[in-house]
Amino acid sequence: MHSSNGRPGGGGGGPESTVEHYDGRAAALSETPGSVRYDDPWYDALASGWGESGGTGVPVRAVPPTREEREQKAAADVYLEVQRSAAFQEVRSRYRRFVVPGVAGFFVWYVGYVVTATTAPGLMARPVAGAVNVAMVAGLGQFLTTFLLTWAYARHARLRRDRAALELRWDTQELTRGARGGAS
């Protein structure tokens with residue numbers, strides 16, 4: 001008995017046998033020079049149709065997608081739909097309208113402090129009150145502006161974004177449940 005790749009089958013140990021049977025030719029050579037003979041039992045697996053493209057150039061999926069894969073795709077579609085919604089874009093624009101100027105202003109203030117401290121030591125050494133000089137006041141101002149910016153960010157989020165973001169989250173969860181068919 002021969003398999004489709006020309007090797008003898010059966011006779012002896014069965015499929016788990018470690019004994020190899022050859023048809024008398026060299027193991028690594030076939031009839032045409034330069035070609036390689038495969039001694040792999042799965043060599044002709046493509047004859048069953050697995051992994052073939054069906055003429056489109058794209059491999060055909062051998063197994064249909066699982067329920068989890070379908071749910072993940074449906075959930076991904078929901079999140080893309082929410083991301084494209086006007087409500088989400090409004091929340092993002094409110095965020096950007098606060099964060100971009102806040103970060104830019106704080107960065108300019110910080111770099112200004114560092115540049116002034118390195119290039120104008122005479123100015124930074126001027127006394128303000130007793131042993132307190134301009135550098136100390138500006139350094140403490142860095143801490144103060146950090147806390148003020150944090151407070152302003154939290155207030156802005158609470159008053160202008162949190163409610164809309166919470167509504168988006170609930171809508172997204174409802175849409176995701178609907179896409180999963182009411183599961184979870």
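Colleague: In this structure, which residue forms a salt bridge with Arg97?

Modeller: The model is predicted, and the pairing is read from its side-chain atoms. The closest N and O atoms of the two side chains are 3.5 Å apart, and a salt bridge requires a distance within 4 Å. The partner of Arg97 is Glu90.

Colleague: Is Arg97 buried or exposed?

Modeller: The relative accessibility of Arg97 is 54%. Residues over 50% are classed as exposed. Arg97 is therefore exposed.

Colleague: How many salt bridges does the structure hold, and which residues do they join into one network?

Modeller: The structure holds 2 salt bridges. One of them links the side chains of Arg94 and Glu90, at 3.0 Å from N to O. Arg97 also forms a salt bridge with Glu90. Since the bridges share partners, the network consists of Glu90, Arg94 and Arg97.

Colleague: By about how much of the helix are Arg94 and Glu90 separated?

Modeller: An α-helix has 3.6 residues a turn, so residues three or four places apart point the same way. Arg94 and Glu90 both lie in helix H2 and are 4 residues apart. Their separation is therefore about one helical turn.

Colleague: What relative accessible area does Arg94 have, and what does Glu90 have?

Modeller: Arg94 is partly exposed, and Glu90 is also partly exposed. The class covers values from 20% to 50%. The relative accessible area is 27% for Arg94 and 34% for Glu90.

Colleague: How far apart in space are Glu90 and Arg161?

Modeller: Glu90 is found in helix H2. Along the sequence, Glu90 and Arg161 are 71 residues apart. From C-alpha to C-alpha, their separation in space is 8.9 Å.

Colleague: What distance does helix H2 reach from its first C-alpha to its last?

Modeller: Helix H2 covers residues 86–119, which amounts to 34 residues. At 1.5 Å a residue, a span of 50 Å is expected. The span in the model is close to that value, at 48 Å.

Colleague: Which residues of H2 are buried?

Modeller: A buried residue has under 20% relative accessible area. In H2, the residues that meet this condition are Val91, Phe98, Val99 and Gly102.

Colleague: Which residues form the aromatic pair, and is the pair stacked or tilted?

Modeller: The structure holds 1 aromatic pair. The rings of Phe98 and Tyr153 have centres 6.0 Å apart and planes at 50 degrees. Phe98 belongs to helix H2 and Tyr153 to helix H4, so the pair ties together parts that are 55 residues apart in sequence. The pair is Phe98 and Tyr153, and its arrangement is tilted.

Colleague: Which residues is Thr176 in contact with, leaving aside its neighbours within four places in sequence?

Modeller: Thr176 lies in helix H4, residues 134–179, and at 8% relative accessibility it counts as buried. A polar atom of its side chain lies 2.7 Å from the backbone oxygen of Thr172. Leaving aside neighbours within four places in sequence, the contacts of Thr176 are Ala75, Val78 and Tyr79.

Colleague: Which residues does Val134 contact beyond its neighbours within four places in sequence?

Modeller: Val134 is found in helix H4 and is partly exposed, with a relative accessible area of 26%. Its contacts beyond four places in sequence are Leu123, Met124, Arg126 and Val128.

Colleague: What is the average pLDDT of the protein, and where does pLDDT stay under 50?

Modeller: Of the residues, 57% score at least 70, and the protein averages a pLDDT of 76. The stretch that stays under 50 has 11 contacts beyond four places in sequence in the model. That stretch is residues 24–30.

Notes:
Residues are numbered from 1 along each chain as its sequence is written. This is a predicted model: local features need pLDDT of at least 70, side-chain atom pairs count only at pLDDT 80 or more; totals for chains, interfaces and linings use all residues. Side-chain values use heavy atoms; hydrogens and water are left out. Helices (H or I, at least four residues) and strands (E, at least two) are DSSP runs, numbered from the N terminus. Buried means under 20% relative accessible area, exposed over 50%, partly exposed in between (1.4 Å probe, protein chains only). A polar contact is a pair of N or O atoms within 3.5 Å; within protein, one must be able to donate a hydrogen and the other to accept it, and residues adjacent in sequence count only if both atoms are side-chain atoms. Contact means heavy atoms within 4.5 Å. The expected span of a helix is 1.5 Å times one less than its number of residues. Rings of Phe, Tyr and Trp (its six-membered ring) pair if their centres lie within 6.5 Å; planes under 30 degrees apart count as stacked, over 60 as edge-to-face and the rest as tilted. pLDDT is the predictor's confidence in each residue, from 0 to 100.
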